Amino acid sequence: MQIRIFPDAPNLAEAAAADIAGWLSLPGNRTIGLAGGSTPRATYQLLRESPGALADIDAWMTDERFVPIDHPDSNAGMAAAALFDHVDAILHPCPIEEGGEPDEVAERYEEMLATLLPQGADGRPQPGLVVLGLGPDGHTASLFPGSPALEVADRDFVANWVEEKGEWRLTATFGLLARARRIMFLVSGESKADIVADIVDRDAAHPASRVANAARDGVWLLDQAAASKLSF
Ligand code: 6PG
């Protein structure tokens, strides 16, 4: 994994937006998987300034809360307001409004991803660029420590009951994320310094470490505060 450190969160967001726009401008790079969170949101807002790079791009959610898109907690609602309501790209939210239990919605989204994403060499759906955040507990997407989705090996997108939050999440699995052609972790703020050091310095077992270790081409974009406990 490559590591890049920026003075502060706005600088990080600017670099992330430039990297994403650059990647999406290359021939054949047509899809982006999106995270929720404040660091990604700042990046999405800046991407409004690169409408050409976003034109006709298909965006999908790496995870979602089980709420309608107009709910303040919706990750897709955040991404729409920050970017996709303003550019000519296509955002594919999890079809929560269509109804059904979390498992059924996850299965429908998995089927949609199988047609949206190109096939990799192994014949399975392959994400292009994937943007991820990091929680202070080591979660990424909605792969929370100790949650059932960590054990799933034969699915790309599942419903995940997160006991400590007492709520359902929908999430990409390790399997799907590991097939991404590029993974970009966006992490800012002092509250992330311990977990960043644990993952990057000590390679401790957290869901985000597992994704980072499996990434074919991965980069951590950190601000100085999030990087402040790294040993180098
Ligand atoms: C959640 C949060 C979470 C978030 C990270 C990073 O669903 O529990 O949205 O996944 O992405 O905690 O968030 P920040 O980018 O705001 O630090």
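A residue counts as near the ligand here if one of its heavy atoms lies within 4 Å of it. Keep that cut-off in mind as we walk through this predicted model, starting at the ligand and working outwards.

By that criterion, 13 residues stand around the ligand, and the ones that come nearest are Ser 38, Arg 65, His 139, Arg 169 and Lys 192. If you sort the shell by class, you will find six polar residues, four charged ones and three nonpolar ones. Helix H2, which spans residues 38-47, gives the most to this shell, with three residues.

Now zoom in on some individual atom pairs. Arg 169, already met among the nearest residues, places a polar side-chain atom 2.8 Å from an oxygen atom of the ligand. The side chain of Thr 39 has an N or O atom 2.9 Å from a ligand oxygen. With Gly 36 the backbone takes part: one of its N or O atoms lies 3.3 Å from an oxygen atom of the ligand. On its own, the ligand has 420 Å² of accessible area, and the protein covers 82% of it.

Let's step back to the space that holds the ligand. Where does the ligand sit? Its place is the largest pocket, which contains about 430 Å³ of space. A total of 27 residues line this pocket, and Gly 36, Gly 37, Ser 38, Arg 65 and His 139 are the closest to its centre. Ser 38, Arg 65 and His 139 also belong to the nearest residues around the ligand, so do look at these three in the viewer.

Which elements build the wall of the pocket? H2, strand E4 (63-65) and helix H4 (75-84) each supply at least two lining residues. H2 gives the most, with four residues. By class, the lining of the largest pocket has 11 polar, nine nonpolar and seven charged residues.

Finally, there is an enclosed space to visit. The structure holds one cavity of 30 Å³ or more, and the largest cavity contains about 40 Å³ of space. Along its lining you can trace Glu 64, Val 67, Pro 68 and Ile 69, then Ser 74 and Ala 76, and further on Pro 93, Cys 94, Ile 96 and Glu 97. Seven of these lining residues are nonpolar, two are charged and one is polar.

How values were computed. Residues are numbered from 1 along each chain as its sequence is written. This is a predicted model: local features need pLDDT of at least 70, side-chain atom pairs count only at pLDDT 80 or more; totals for chains, interfaces and linings use all residues. Side-chain values use heavy atoms; hydrogens and water are left out. On a 1 Å grid over the protein atoms alone, a cavity is a set of points where a 1.4 Å probe fits but cannot get out, and a pocket is an open set with protein on both sides within 12 Å along at least five of seven lines; lining residues have an atom within 4 Å of a point. Grid points are joined across faces, edges and corners, and a volume is the space filled by probe spheres set on the points. Ala, Val, Leu, Ile, Met, Phe, Trp, Tyr, Cys and Pro count as nonpolar, Asp, Glu, Lys and Arg as charged, and the others, Gly among them, as polar. A polar contact is a pair of N or O atoms within 3.5 Å; within protein, one must be able to donate a hydrogen and the other to accept it, and residues adjacent in sequence count only if both atoms are side-chain atoms. Accessible areas come from the Shrake-Rupley method with a 1.4 Å probe; for residues, only the protein chains shown count as cover. A molecule sits in a cavity or pocket if more than half of its atoms lie within 2 Å of its grid points.
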